[in-house]
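Colleague: I am new to this structure and would like a close look at one part, the interior. Please take me through it slowly, and explain the terms as you go.

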Amino acid sequence: MEVLSKIGLEDYYDTKLTLGSVLEINQNDISEKKTESPKSLQEAFLKRLKTLNKDARSVKYLSWDVNEDRSDAINPLDLITALFLCADAILQQDIVLKMSLCQFAIPLLLPNSETRETTMTLWSMREIVRSFRPSQQAFSRSSSEERLVLADFPLVSFVRIGKISFSKSQLLNKLLSNTQHYHDTFYHYNMECGDVPRRISSGLVEISWSVDRFTEPLTVANLRGDAKAFDKQFSFLCQTSAAVYIFSDEPDAEFFKNLQGKDVRAKVFWISGTQGKHFILKMMTMGPSIKASNVSQKKKTVEELLKKLQESIGKMLEICPNKSSVKSLADRARSCGILVDEDSEECQSARKNVNKITKCITDSSKFKEEQLPSQGQIWKALSWLETEDWRLRQAGNQNPEDYRKSLKMKETEVRKKLQRFEMTANMLRFLHGMVTSEAQRYYFLRWLEMELDDRSRHQLSALQDRYKDLSQKSPQDAEEKLGIGKQISACYLRVEHFFRECGQQFQRVNSLPEYSKQRITIESIPALCTQMLLDGFPLELVDGDAANIPMAWNTVVLTELHYIMHSNSKVKVITIMREENAGKSTLLNTVFGVRFAVGKATCTRGAFMHFLSVDKDVREELSCDWHITIDTEGLKPHQIDQVDHSHERDKDVASLVAALSDVTIVCVSEETEKEKEILEEVLHAFTRVKHVSRKPKCHFVHVATPAAKREHVGEEMVEQLAELIQKNAKTRKTPGKLSDIMEFDPNTCNWDIPPMWHGSPPMAPVSVDYSEAVQALKKQQMRDLKNCKRTTEDLTHFIRRVESSWKAL
């Protein structure tokens with residue numbers, strides 16, 4: 001509690017820090033706030049982690065360099081341990097996911113010095129998905145994408161006994177880093193504040209994964225502190241590891257004697273060092289008595305030891321040791337007296353509720369058709385009729401009014417059919433999982449999200465690869481692309497499909513008996529969905545499959561949020577546009593720390609909204625209470641997907657979000673021809689917005705621009721925009737100036753974002769240059785919102801703008 005008090009977390013030990021409070025827009029996002037005291041360290045760490053800065057752990061307060069009294073100093077491992085102990089399950093998962101992207105080691109066994117308990121953080125690691133190439137695929141180009149806690153890898157553990165004269169963690173970093181790039185996976189003594197004595201993190205076991213350093217992927221564990229003092233953790237590692245490497249300066253007869261009585265299933269190696277310069281590597285043979293045999297007779301330098309360790313691990317991998325997933329280690333942890341975070345009643349009950357749904361899914365397309373019927377072909381047909389009523393695309397020679405009457409008749413018939421769809425068994429199970437308890441709801445949604453993702457990943461991944469390959473090699477082959485697109489849509493099943501069904505069911509609630517159980521349940525859904533927004537889940541604004549907005553549903557959900565905020569719901573909006581499959585969601589997630597769906601098997605369709613609250617201290621300065629971030633479907637070059645009217649959807653969505661935006665980010669491709677086509681579509685979207693009296697601030701972001709082009713990228717963009725706007729003015733009779741349709745300052749709204757990865761994925765960390773550029777982009781956007789002279793709307797006005805803009809489009 002003394003450490004928690006020092007870093008300002010004492011109030012969160014029982015009540016818990018939430019993701020919503022961490023993502024809140026505060027003074028730090030508007031101006032550069034200095035880390036003035038130890039109490040600022042946790043905010044500084046989380047702020048850097050939000051933008052995936054690989055220097056996030058190297059945080060210190062202002063007086064650190066000049067103050068000789070280091071009594072207030074905090075070891076970064078203590079800071080991370082404290083945050084895990086004070087974070088709720090939502091935030092813990094988010095921290096772990098971002099730490100994994102930074103290639104930081106992650107807590108596996110978390111010590112609590114207050115209760116003397118140790119907890120295995122299995123739940124916290126569930127979301128990490130990574131690509132790797134198993135040895136049987138070593139000579140192929142294919143790789144597996146897997147949830148890492150489910151992947152069977154050998155576990156190799158490193159511990160120390162007593163004090164040693166060198167940094168074990170630094171040596172591990174050299175062992176695991178590839179030849180091109182050294183990376184500090186494990187925090188060590190020679191890093192910022194690494195020499196500060198640890199107060200609460202001794203006994204912590206961290207893990208990382210190495211998927212490209214050895215012939216096989218493997219899991220690496222590192223015990224912090226003296227193994228003699230943490231027998232529970234050490235016993236766990238001896239029972240679960242393929243190999244355990246023990247570092248010590250001097251032999252410890254008592255320790256090795258105790259080792260004889262343990263359940264040791266790992267191969268044990270002992271590394272003794274002399275002043276951190278000369279090492280001997282010995283293999284320990286377990287039996288009635290422990291025998292040590294030198295792996296080599298000659299003493300090794302650090303470089304020679306690293307080479308010998310690589311050989312030792314390589315040989316162990318060759319003989320196919322026992323492999324295990326992190327998930328399978330949970331049983332062993334329990335037998336060692338270690339708690340498992342997933343064993344909470346809320347987590348297990350939520351999982352059982354999810355299993356009742358997912359066990360019914362053998363074919364995603366069939367499941368949607370039978371269990372989520374309101375959003376299928378009939379909803380698409382209704383959406384098409386509504387749009388056709390405005391655009392009259394297939395009227396032919398018919399009288400427009402007669403054609404409209406026929407459309408209205410068809411629309412009435414379709415709506416009657418929709419009203420007849422009752423709540424299916426699996427939708428009732430979904431609602432049960434949502435309403436059981438507030439504590440369970442988060443677990444339920446996360447379990448469902450992960451289970452659905454695991455079921456569809458491999459099939460969707462292959463289809464996405466085919467679609468992307470076809471886009472690059474045969475962009476004119478619209479027929480085949482459309483076919484693949486339909487396959488992707490058919491097998492794509494995520495949590496948003498269940499919420500779409502909620503929206504459709506809500507529209508038929510008035511036809512149900514007033515006090516029926518089903519009506520009461522349906523009427524409670526908007527409030528639950530609102531809480532979901534506060535928990536950090538996005539809300540679907542535009543249904544990408546039907547190219548429509550479920551207006552009644554979105555209205556009731558956002559109105560509920562308005563009332564929860566006691567009508568203090570003024571909003572400002574930031575949106576993003578880019579070509580398809582170009583990483584828009586990843587950029588937004590990095591800028592704002594949000595959780596739009598990303599991954600090889602995901603592709604945004606339609607539009608989604610994330611809601612971030614604004615800290616009360618800066619609400620007046622920003623003139624808003626909420627900040628809405630909207631992620632959109634990727635724009636496609638105009639010649640693609642002309643087989644049906646689906647090519648209109650992404651253009652309509654782009655125009656809609658431009659009409660809703662205060663600030664818009666447009667990501668620009670390196671490819672000159674494609675860039676011109678996408679910019680034309682963007683300008684067209686902004687031109688349409690001109691007709692609904694909206695002129696957003698626009699930022700053009702050049703992602704991963706080649707170094708040779710960076711110096712002139714701003715000038716080229718201005719020239720390109722001027723050329724395109726003139727061309728549009730002639731062909732479409734639109735405004736002839738860029739300033740007529742958007743606010744754009746070449747000096748502050750033109751961004752060159754460096755490549756994201758420092759090295760080659762999957763083991764590369766995010767580049768510091770990328771993180772810092774993203775942070776600068778966010779600060780400028782906040783300044784733009786602050787200086788925005790437009791009258792700020794509350795959520796009720798925002799809803800009306802959505803409806804009027806969609807109709808206008």
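**A look inside**

Modeller: Let us begin with Cys193, which is buried, at a relative accessible area of 5%; buried means under 20%, exposed over 50% and partly exposed in between, with a 1.4 Å probe and protein chains only. Please keep in mind that this is a predicted model, where local features need pLDDT of at least 70 and side-chain atom pairs pLDDT 80 or more, while totals for chains, interfaces and linings use all residues. Numbering starts from 1 along each chain as its sequence is written, and side-chain values use heavy atoms, without hydrogens and water.

Does Cys193 have a partner, or is it unpaired? Its closest cysteine sulfur, in Cys102, is 18 Å away, too far for a bond. Cys360 is partly exposed, with a relative accessible area of 33%, and its sulfur is 17 Å from the closest one, in Cys502, so that gap too is too far for a bond. The whole structure has zero disulfides, a disulfide being two cysteine sulfur atoms within 2.5 Å.

Now to the nonpolar cores (buried Ala, Val, Leu, Ile, Met, Phe, Trp, Tyr and Cys residues joined through side-chain atoms within 4.5 Å). The largest has 202 residues, and Met120 and Phe430 touch the most other members. Beyond its neighbours within four places in sequence, Met120 has contacts that include Leu108, Leu109, Val326, Leu329 and Ile338, where contact means heavy atoms within 4.5 Å. Separate from this is a second core of 28 residues, with Leu171, Phe214, Phe247 and Ile313 among them.

His627 is another buried residue, with a relative accessible area of 2%. You will find His627 in strand E16, residues 626-632; strands are DSSP runs of at least two residues, numbered from the N terminus. Leaving out residues up to four places away in sequence, His627 touches Ile25, Lys572, Ile574, Phe592, His610, Phe611, Leu612, Val614, Met782 and Leu785.

Finally, the empty spaces. There are seven cavities of 30 Å³ or more, each a set of points on a 1 Å grid where a 1.4 Å probe fits but cannot get out. The largest holds about 180 Å³, counted as the space filled by probe spheres set on the points. Its lining has 17 residues, and Leu176, Ser177, Asn178, His183 and Met763 lie nearest the centre; a lining residue has an atom within 4 Å of a point. Strand E6, residues 205-210, gives the most to this lining, with three residues.

Notes
1 Å grid on protein atoms, 1.4 Å probe; cavity = no way out; pocket = protein on both sides within 12 Å on 5 of 7 lines; lining within 4 Å. Helix = DSSP H or I, 4+ residues; strand = E, 2+ residues; numbered from the N terminus.
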